[in-house]
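Work through the exercises below with the sequence and the structure open. Each task is followed by a solution in steps.

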Amino acid sequence: MSNAHTAIHGDHHPVDPSVPVEYHEEENSLRIAGFWVFLGSDLVLFSCLFATYVVMHGRVAGGPTSQQLFDVTGFTIETIALLFSSFTCGLATYEMRRGNRNAMVTWLFITVALGLVFLGFEIDEFVHNVSIGATMQRSGFLSAFFTLVGTHGCHVTMGTLWMLSVIIQLIRYGITPITARKAFIVSIYWHFLDAVWIFIFTVVYLTGKVV
Amino acid sequence: METKEHKFHQETGFPWKHVIGLLLSLVLTAIAFWLALATHQPPAVVISIIVVLGFGQLLVQLYMFMHFTESDDRAWQVPTIYFALFIAFTVVGGSIWIMSFRSIVS
């Protein structure tokens, strides 16, 4: 191996063309592995909120039930938007590994736009619920509902802001091992949020329409 | 020097993996929506099936989109995520199970 490579990239992580750019430094592999551990802990956090919701679902205290409250059109559009955003986010990683910065940034912008569509419908749903008196303090069911769905919405809000900041760095610095690692981590975060939403529309919305 | 095992998906040609992942997630979503909203099966049957479909969608996200098995050394994220899933199912399933005794006890 040439000395120039050793000087730039260190002894332990020689640059291998078969390794994607986001893994080109040892620290990057560690950060990506660490982020997977965070996703595991976030999964456990959501499981506690799901358990609370499932137990509280029937405790409506004379207030609105899930069958009366949930709007099929709203949560269908939210689901479609998030499924397609997961796809476009995957295409951004695909273009990143092919070295196409502009195509990658375009797919990330589309992902952020679909995330904003999702958030728009979710905020509209929450505002509508509050306007008819279905507030968080109305019943155990609504407390658990707003906590679970709101925590996911908060994650999506953070995800769009985070993704925008990564887009700015990609435009300024191009695809480097550092920006590639940041983009890779925000993309697996985004796919994870879609996976959590799958369980929200299954356990909260569809189940709420069945029972 | 030890040789490391590289397990990365090569990004060549048309992104079939992503397109198939999208189609699978759309089909699984459509089946779940149809079962829950358009058929009139017993709730327990519908809920069991759509939870299984949701778990299938989780696997689609992990394996088709999230580069789940990739690593430059060992894919430590695989046991990490499966352990987290085990905790999650224990917490949720255990809560449902223990609360179902309430009606008998009280």
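**Exercise 1. Chain A as a whole**

What percentage of the 211 residues in chain A is buried?

Solution. Buried residues make up 54% of the 211 residues in chain A; buried means under 20% relative accessible area, exposed over 50%, and partly exposed in between, with a 1.4 Å probe and protein chains only. The model is predicted: local features need pLDDT of at least 70, side-chain atom pairs count only at pLDDT 80 or more, and totals for chains, interfaces and linings use all residues. Residues are numbered from 1 along each chain as its sequence is written, chains are lettered from A and ligands numbered from 1 in the order in which they are written, and side-chain values use heavy atoms, with hydrogens and water left out.

Next, the secondary structure. Chain A has seven helices and zero strands, where helices (H or I, at least four residues) and strands (E, at least two) are DSSP runs numbered from the N terminus. The C-alpha trace of chain A spans about 75 × 30 × 25 Å along its principal axes. Of the contacts in chain A between residues at least 6 apart in sequence, 79% join residues at least 24 apart; contact means heavy atoms within 4.5 Å.

**Exercise 2. Helix 5 of chain A**

Compare the expected span of helix 5 of chain A with the distance between its end C-alpha atoms.

Solution. The expected span is 1.5 Å times one less than the number of residues. For the 31 residues of helix 5 (residues 101–131) this gives 45 Å, and the end C-alpha atoms are 45 Å apart, so the two agree. The buried residues of this helix include A:Glu122, A:Glu125 and A:Asn129. Helix 3 (66–69), helix 4, helix 6 and helix 7 of chain A are what the buried residues of helix 5 pack against. Just after helix 5, A:Gly133 has a positive phi of about 90°.

**Exercise 3. Two buried side chains**

Which residues contact A:Thr79, leaving aside its neighbours within four places in sequence?

Solution. Begin with the location: A:Thr79 is in helix 4 (residues 72–97) of chain A and is buried, at a relative accessible area of 1%. Its contacts are A:Trp197, A:Phe201, B:Thr29 and B:Phe33. A polar atom of the A:Thr79 side chain also lies 2.7 Å from the backbone oxygen of A:Phe75.

Now treat A:Leu142 in the same manner. A:Leu142 belongs to helix 6 (residues 140–173) of chain A and is buried, with a relative accessible area of 0%. Leaving aside neighbours within four places in sequence, A:Leu142 contacts A:Pro64, A:Leu69, A:Ala134, A:Thr135 and A:Met136.

**Exercise 4. A helix pair across the chains**

How are helix 7 of chain A and helix 2 of chain B oriented, roughly parallel or roughly antiparallel?

Solution. The axes of helix 7 (residues 177–210) of chain A and helix 2 (residues 43–65) of chain B come within 9 Å and cross at roughly 170°. Axes are lines fitted to C-alpha atoms, for helices over the stretch in contact, and angles run from 0 to 180 degrees between N-to-C directions. The pair is therefore roughly antiparallel, since angles under 35 degrees count as roughly parallel, over 145 as roughly antiparallel, 65 to 115 as roughly perpendicular and the rest as oblique.

The residues of this contact divide into 14 nonpolar, six polar and one charged. Ala, Val, Leu, Ile, Met, Phe, Trp, Tyr, Cys and Pro count as nonpolar, Asp, Glu, Lys and Arg as charged, and the others, Gly among them, as polar. Among those that meet are A:Asp194 and A:Phe199 in helix 7 of chain A, and B:Gly54 and B:Phe55 in helix 2 of chain B.

Terms used
Polar contact = N/O pair within 3.5 Å; in protein donor to acceptor, adjacent residues only side chain to side chain.
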